[in-house]
Amino acid sequence: MPQSSLYQEEHYPSPLQYTWMEFKKNHIAVAGLFCFAFFLIITIFCPLLAPFDPNMQQIGDLLIPPSWYPNGGISHLFGTDALGRDLLSRIIYGCRTTFGISLLLVVVAMFLGVGLGALAGMSKGFRSSFINHTLDSIQAIPTLLIAIIIIAILGTGLVNSMWAIALALIPQFVHQTRDFIRHELSKEYIMAAKLDGASKTHIFMHSILPNMGEMLVVQGTLALSVSILDISALGFLKLGAQAPSSELGAMLLEGIEVAYIAPWTIAVPGGALFIMIISINLVGDGLRSALRNRLLH
Amino acid sequence: MLSSICLCACDGLLLSKTDPNGIVYCSEGSPANFNPQLDTSGTTVDASSHQIYDRLIDFDPVTGDFVPALATSWLISDDGKTYTFQLRRKVSFHDTQTFTPTRYFNADDVLFSIDRWRLMTHPFHQISGGRYPYTDSLKLADLITKVTRLNGYRVEITLNKPESSFLANLATDFAVILSAEYADKLISRNQKELIDHKPVGTGPYQLASFRQDRYIRYTKHPKYWRNIQLTDKLIFDITPSSSLRLAKLITAECDAIALPAHSELEVIKQQDALVLDEKPGLNIGFWAFNTSKAPFNNPEVRRALGMAIDKNALIEAIYFNSAILAKNIVPPTSWAFQSDVKALSYNPIAAKKLLREQGIPENFSMTVWAMPVQRAYNPNATKMAELIQAYLQEVGIQVNIISYEWSTFRERLTQGIHDSVLIGWSADNGDPDNFYRPLLSCAAIESGTNRAMWCSQEYDLLINKALQYTDISERTYFYGQANELLAEQLPLIPIAHASRYQAHRKELQGLVINPYGGVRFGGVKKL
Amino acid sequence: MTKVLLRYTNLVLATLFVLSLLSFILAYLFPGQAIENLTGLRLLELTERQNSELKYAVDANILVQYWHYMGELFAGNWGVSFSSGLPLIEDVSHYLPASIELSAYALFLSFFIGLPLGFLAALRHHKFTDYSLLSVSLLGYSIPVFWLALILILFFSLQLGWFPLSGRISLLFEIPRATGFILIDILLSDSIDKSAALTSALRHLILPTLSIAVVTTTLIIRITRRSVIKTLNSEFILAAYARGLTPRQVLMRHGVRNALIPILPLLAMQFPTLLTNAMIVESIFSWPGIGNWLIQAIYQQDYPAIRAGMLAVSVLVVIFTMSIDLTIRLTDPRRRRAERATI
């Protein structure tokens, strides 16, 4: 039966639906979303997907080129590294380490950031300005410097570098949340809630927070790409994840030693990182312009 | 018009290579100081021995014979106890920012240089730590009873017993001649510590400036006594990463590099502008156990661990087949080498059984210290440690790999807190004693070259006996017995004797591999 | 005006105070003895020196110690490095200019390319040029800077042999140090072949500058584009059109200035990112800058160096961002605070 609308009435999509419709128009962004989903799947199911143990060293198979090279083999799709470890498996596990940890860090930073931002946004006076100033100064210090200090105190390692990156991510969330709350507080529906006698907490939990979702997603994608860049940069500088770990930046560093004879050992992990960040930025960009377009209409 | 200017500018920028005249050598690390008496590390030796200093006698790098250097001739008494050296005249010391020499080199400088490490009471003995690892490990200070100045250009050294390797020791990189006049100046200025950091020698190049982890600059010694080609400037560009060194060689930022990585030798051979020299090396890479610590004080445990690793696979993975499997601690080119000594074969099952029999539980955990620098005898200790980690996992042993920055690493090794260590030794002269004594004698524990912390009276007796004879067949007999003792006791597992490589650009001429130690730039020129 | 100046001076002083306090506390947080971390001298050497003043400071309470520490800081006595044994103030003043020089050129290059392209994209909003510029800039800021640097090295240095890959200048040149900025030092010196030295320095500069500039340029393109679009949609532009001005006149008289003013503070906020990238790139190109030096200090557990380096870099950042903030405030008093960048 053909579907036809009986009524002349127009269908008004919900804001979320509208955003999705706008987002769908941007094909590249959708491709980015698929890519993003792909990395998410890899992160979750990596033990099932990896053909080999990422740390298994096959001494007979050192530096085998990837399968697209004339002398490459099919058993190691991306070839092997200088210790005879399967690069595909290492990349898959590396995506888990780099992508998974970044995701985790962003979620943690988001919670803390929104909490602090709410505190700063809902309050006035000294408390608010204190939070602002502290965060401004943290934001002014380069991430790498924060990381260097934290690592100097706690020692090198993936976990310690995570602290540093989380600390560097929080301020953005705080600022965004605070600005958002300030903005919303001046709107009429809040005034209405206030007139109904709602407390500050109630206003935040029931009126403002539900509206923040989209802003947080956009901000989250931004933070995610920053966090991936930072984590891999620290791994690359030997300050974060250490050698045997299959973190993408650390793998890239290992690859440098043989870069000239085995260029794929830096091409493959770097490429994976690049695609990962592009897909995240595409999604973020798409979302942002979708939101912008929605607001324009 | 504009574009043509642009093109010209680009051309100039890309292609003009109008660097000043000089040689750039990419070395692998910062020297601890500029006095090889104080440090056996190859880095320090490279930076000082043959550039800043001269010795009384030298090895001919090709034949290995003794050739005159600061001593023009020498005489050995019939009882083998007295050595008389006739010194070269009109040899000038460096004229540096801190010191202007007023006299030529003479016997006082020889006395000063030897007495500094020989006499505990010498005013300079305690400067820079008071440790002289090479001479201490050989107990040379005890061997020499006196050093006398016969006249300004004649020196006599008396030993308390004949020792066949004595002359070879005087020709090593460590037996450099310092300036006594400079030392006196420093005493009067109360700046004694400068002697090892602002060095003055007679060598072909003098130190101009040094910046830690970045570069060492040398300038030509204008009054050098040898009539050889010198360039105005010699620069050591300190580049710890071997791949970066190769990259710089390719882009002509370096004219020669230290220690090309074994994985990259093929690349160097393929490049037309580069030259790769190879020589069988007088070295040994090994895995030493800390025998002062349980359970590694048990030879059977050491044997089991040795059986658990496949040395052939290590050689393939780490040395890319540019090394040979080691059986003794001396390489096959040495006359003390014994091919019939029994080597451990790879047998993880037997190893596991033996470990359990010796009471080592499943999941026993130990440390393997991996040196952070590349050496010819072990181009990638960390990677080797990772492979060993995998092998020992199979016999139920957990390995923690430990590494520190190089000077910290060696300091802590000397303290003996390691379980086992991957390290090695490069010979400084052709005499096999140069392997046996520094590596495993009791005296070498304290001087910090005996990484196994192994002390055996029987072994010390054997290698001391070997020194009392000059006849090679008699010495071979004692070294043979020492080899057997080592094969039985296994304080260390010999892994490989690696070939020595040196890579340089075609323009650079006259650079040869010095089999007995440090690199030399005197006589090297750039076309 | 004076009020604003006073407020900013106050703010800068307060921040600097916090930073100095932080660097002091770090000496306690780092592993090892605080006194070693503060002076860079080992305990052994300290007792050797029998420095009574120092001893007093060690035994006194923490406030006195801090006071003493500040005194030493201002006297230029920052302690010595564990690894090289050189005075830290000398090391920092040696390495910091190299970093500033590199970042400045990269920033300059980014402006030079980014601003015009940003305008172009905005003027062709929703057209092909806009989309392609956007996509390229998306690629540009997604690329990990260390990977980019490696690829540039592999291609331009190793394959083509055009550019050297390490350092600021061929080591064969000995440039007397005057300002610490290599190009200026070359021009000031008279003992060497200037044109050869300049060529060498420029060849060394190109790749690191490019690596840093790629990310910054794409950011500038995006920020400029957004700002111009926003400006062109404003009512005063509409009013200008209504007065009958041509699009060109509108852009020149009203668009450029009004679009550029908000860009500056947003860019200032990218400065920490720029510095982070510069530090990474320095360590790849063995550039003798502060980032490379700090990273080496971590490897060698050289805590006094980390303390001093952190203080120097953060002071630099604070002064830089604050002075940009102040300039904006003085030129355009309507603005309250710098807005956050949207790219």
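This passage describes the chains of a predicted model, a sheet in chain B, and the contacts that chain C makes with chains A and B.

Chain A contains 10 helices and zero strands. Read from the N terminus, its elements run α-α-α-α-α-α-α-α-α-α. The C-alpha trace of chain A extends over about 75 × 65 × 25 Å along its principal axes. Chain A has 297 residues, of which 47% count as buried. When contacts in chain A between residues at least 6 apart in sequence are considered, 68% of them join residues at least 24 apart.

Chain B holds both kinds of element, with 18 helices and 20 strands. For its 527 residues the globule rule gives 24 Å, and the radius of gyration of chain B is 24 Å, so chain B is as compact as a globular protein of that length. The principal axes of its C-alpha trace span about 80 × 75 × 40 Å. Of the 527 residues in chain B, 52% are buried. Contacts in chain B with a separation of 6 or more are made up to 70% of pairs that lie 24 or more positions apart.

Within chain B, four strands form an open sheet, and their order is β4-β5-β7-β6. The pairing in this sheet is antiparallel. Strands β4 (71-76) and β6 (144-151) of chain B are the edge strands, each pairing on one side only. From one strand to the next, the twist averages 20°. Strands β5 (residues 82-87) and β7 (residues 154-159) of chain B pair in the antiparallel sense, and five bridges join them. In this part of the sheet, Q86(B) stands opposite R154(B), a residue of β7(B). A helix also lies across part of the sheet: α3 (residues 107-118) of chain B crosses β5, β6 and β7 of chain B. The direction of α3(B) is at about 165° to that of β6(B).

The contact between chains C and A involves 32 residues of chain C and 33 residues of chain A. On the side of chain C that touches chain A, at least two residues each come from α1 (2-29), α7 (128-142), α8 (145-159), α13 (271-284), α14 (290-299) and α15 (303-331) of chain C. The element that gives the most to this side is α15(C), with eight residues. By class, the side of chain C that touches chain A comprises 25 nonpolar, six polar and one charged residues.

Chain C also meets chain B, in a contact that takes 23 residues from chain B and 22 residues from chain C. The elements of chain B that each supply at least two residues to the side touching chain C are α1 (2-15), β10 (233-238) and α8 (242-250). Here α8(B) gives the most, with four residues. The side of chain B that touches chain C divides by class into nine nonpolar, six polar and eight charged residues.

Definitions and conventions:
Residues numbered from 1 in each chain as written. Chains lettered and ligands numbered in written order. Predicted model: local features only at pLDDT ≥ 70, side-chain atom pairs only at ≥ 80, totals over all residues. Contact = placed C-beta atoms within 7 Å. Nonpolar A, V, L, I, M, F, W, Y, C, P; charged D, E, K, R; others polar. Pairing = 2+ DSSP bridges. Axes fitted to C-alpha atoms, helices over the stretch in contact; angles between N-to-C directions. Buried ≥ 20, exposed ≤ 12 C-beta atoms within 10 Å, placed from the backbone. Rg over C-alpha atoms; globule rule 2.2 N^0.38 Å.
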